[in-house]
Structures are given as C-alpha cells and as structure tokens.
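Trainee: Please pick one part of this model and take me through it closely, then show me how it sits in the rest of the chain. I'd like the cut-offs spelled out as you go.

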Amino acid sequence: MKAVRIHGFDAVPVLEEIAEPIAQPGRTIVRMEAATVGHIDRTVWRGSFLRHPPLPYTPGVEAAGVVVASGRFQVGQRVWLRGSGLGTLFDGTWCELIDAPDEALGLLPDDVPMTLGAAFFSPTTSAWVALHEVAKLRAGEQVLVTGASGAVGSLVMQLARDAGCVAIAVAADAQPPEAGSAHLLVDTVGGDVLARTLPAVRPGGRAVLVGYTAGPTLSLDIAHFLQRDVSLLPLNMFRREAEGRAAVPELLARLADGRLHLEVRPFALADAAIALDWITQRGHRGRAVLMPRL
C-alpha cells in the first residue's frame, strides 16, 4: 500500500510503498478515504511533541474511511478515527490502509461526507468543550473569538451564537475591542493577539486559551491582571477527550443537517508536504485533508 513516511524529524514527507497491515485482535483495519493534516501532526513531525512514534513513521491523528477487517466493527461500516496513539505513539492515518486500535474508531453517519468525517473531531469537540465544559457558557453573554477564520474559531462563533450569545470575531490586525466589553474570550492564536485582546474581558470574566499559532508566550502586567480578576483557562483536549467524544453524536448531527459548517480543502496523498505548509499560512480557512484517490 502507499503511505506517507517520515524518516527524520522536520524531514520532507515521502510517499512510499510499504507492507499492508495484518488483522490483529483488538485492532481494526480501515481503508482510508480522507485523513486530516493538523497542527498536532506538524508538532509530531518536527519532533516537538511530548510523544512521538519511532522513526520512520506514518503521520496522521485523524481520518475517516471504511472498515475492511475487524473483530468489533462490521466490514463496510463507515467510521471516523482519532486518538489511542494514532500518529503519536505509532503509525497514523496518512496511508491507504490504517491499522488502528478499536477504541480509536467511531461510527460515521451516512449523511456526513468522508472529508468532514476526517476533519470534524478536533475543531468541533475543541470548540464545544471550550465553550460548554471549560467556560461554562451562559445564554446572553458576549463572546470574543480570535482566529475566527480558522476551523476552531469559526466553530466557536457558530456554537456560541447557537447558545444564544453574541459572538464577535477579533481580527489579528484590528484595534483591540473596548476594554471590559466581553464576558468571555476564546483565544485560538495566542501571542500578541491574546495580549492585546485580554483587556477587553470584563472583571470577573473568563478567557479560554486554545492555541498559539501567533506565538507561545504571554507577557502580563501582574498588578493590572490581578485587579481585572480574569480567569485564564487552558483547553487540554488530551485530558478532556472523553468530554469531546460524548459530544460527537450531537456535533455530527449538526454537521449533517447544516446547523454547523466546517470548510475543508482536499490535497492528494502525495502532497502531504504542501498541506503541512498550507495550515501554517495566516488566514487559511478550514482544515486540510489528504485523499488517496484525488
């Protein structure tokens, strides 16, 4: 089968022929139809993740496809894949046949396209958990969102409005919002954008920190920060994955009937390097997915 392989951290991904996986108890083989290229994949690829597979390895933490061999799932069943070490502890999803632990699979409804099935989990569950589990969002609140053109940010906007809140996008190069205007900030970019936007949260408000594509550090005037009494709440989806998985049926239903929208951009499997670069470009919209027959 064809698989994208990484022979050294930060090395150019190469498409190679490798042996097909063999069915084993507790694992399912899935014919990949779409596999997501995300920032976790970039971090593992660069050797910066807390864990990584032994080299050489096949990247990819998310995908969707059809079961071809399994002791738990029916052959032909449409599934999504995420977690349980895929692409972080062992080979991942950027290949024609994915060998995954049974626990990494979930059922994908027929009315959800494979591209969405591959791409939905990380941004939709991150947005849902950030709002409903971490921030404890309440109807009527004003919510500021940085990085609203990105996958997570756009879904935060949609979910906040669905919950009866006023959601306002904060552009990276715009003037900061009025001081003390918002109950909640959901920051998906970090860096200077976070520093400039944080004063817009009213005293006693909350800020959920989701990402750091604009920079991993934050400088605070501690005296001013203490007076404002704003809670900084990190989103750690590895620790909160169970909460994310619990929300999946509702999130898939909203994607299927159009209440939620997520943009995807397809790339050929051979263009993994291009996709890895595309997701770093400022202002890119949606998620990148690799497709084996594109």
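Mentor: Let's take L86, which lies in the loop between β5 (78-82) and β6 (97-101); helices (H or I, at least four residues) and strands (E, at least two) are DSSP runs, numbered from the N terminus. Keep in mind that this is a predicted model, where local features need pLDDT of at least 70 and side-chain atom pairs count only at pLDDT 80 or more, while totals for chains, interfaces and linings use all residues. Residues are numbered from 1 along each chain as its sequence is written, and side-chain values use heavy atoms, with hydrogens and water left out.

Is L86 buried or exposed? With a relative accessible area of 1%, L86 counts as buried. Buried here means under 20% relative accessible area, exposed means over 50%, and partly exposed is in between, using a 1.4 Å probe and protein chains only.

Which residues does L86 touch, then, once neighbours within four places in sequence are set aside? Its contacts (heavy atoms within 4.5 Å) are G60, V61, L81, D91, G92, T93, I98, D99, A100 and A104. Two of the names on that list, G60 and V61, come from the loop that P56 sits in, between α1 (39-45) and β4 (62-69). P56 has a quirk of its own: the peptide bond from L55 to P56 is cis, with omega about -15 degrees. For a sense of distance, take S149: L86 and S149 are 63 residues apart in sequence, and their C-alpha atoms are 27 Å apart in space.

Stay in that loop between β5 and β6 for a moment, as S84 lies there too. S84 isn't a glycine, yet its phi is positive, about 60 degrees. While L86 is buried, S84 is partly exposed, at a relative accessible area of 37%. You'll find another positive phi at D10, again not a glycine, with a value of about 70 degrees. D10 is in the loop between β1 (2-5) and β2 (14-17), and at 41% relative accessibility D10 counts as partly exposed.

Next, helix α3, by way of S122, which is found in that helix (residues 121-134). S122 counts as buried, at 18% relative accessibility. Leaving out residues up to four places away in sequence, S122 touches E62, R82 and R287. Of these contacts, R82 has a position that falls in β5, and that strand leads into the loop of L86. The helix as a whole is mostly covered, with 12 of its 14 residues buried. Among the buried ones are F121, W128, V129, L131 and V134. After α3 comes K136, with a positive phi near 55 degrees.

From there, go to strand β8 (residues 142-146), where four of the five residues are buried. How does β8 run relative to strand β9 (residues 166-170), parallel or antiparallel? The two run parallel, joined by five bridges; strands count as paired if DSSP finds at least two bridges between them. In that pairing L144 stands opposite I168 of β9. In a regular strand the side chains alternate between the two faces of the sheet.

A169 also has its place in β9, and at 46% relative accessibility A169 counts as partly exposed. With neighbours within four places in sequence left aside, A169 is in contact with V145, A148 and M157. A169 and S154 are 15 residues apart along the chain, with their C-alpha atoms separated by 8.8 Å.

Now zoom out to the whole chain, which comes to eight helices and 14 strands. Its C-alpha trace spans about 60 × 40 × 30 Å along the principal axes. The radius of gyration (over C-alpha atoms) is 20 Å, which agrees with the value near 19 Å for a compact globule of 294 residues; that rule is 2.2 Å times the number of residues to the power 0.38. Of those 294 residues, 51% count as buried. Among contacts with a separation of 6 or more, 70% link residues 24 or more positions apart. The exposed area is about 13100 Å², 53% of it from carbon and sulfur atoms, computed by the Shrake-Rupley method with a 1.4 Å probe; for residues, only the protein chains shown count as cover.

Finally, charges: the mean positions of the 27 positive and 30 negative ones are 3 Å apart. Lys and Arg count as positive, Asp and Glu as negative, and His and the chain ends are not counted; each charge is placed at NZ of Lys, CZ of Arg, CG of Asp or CD of Glu.
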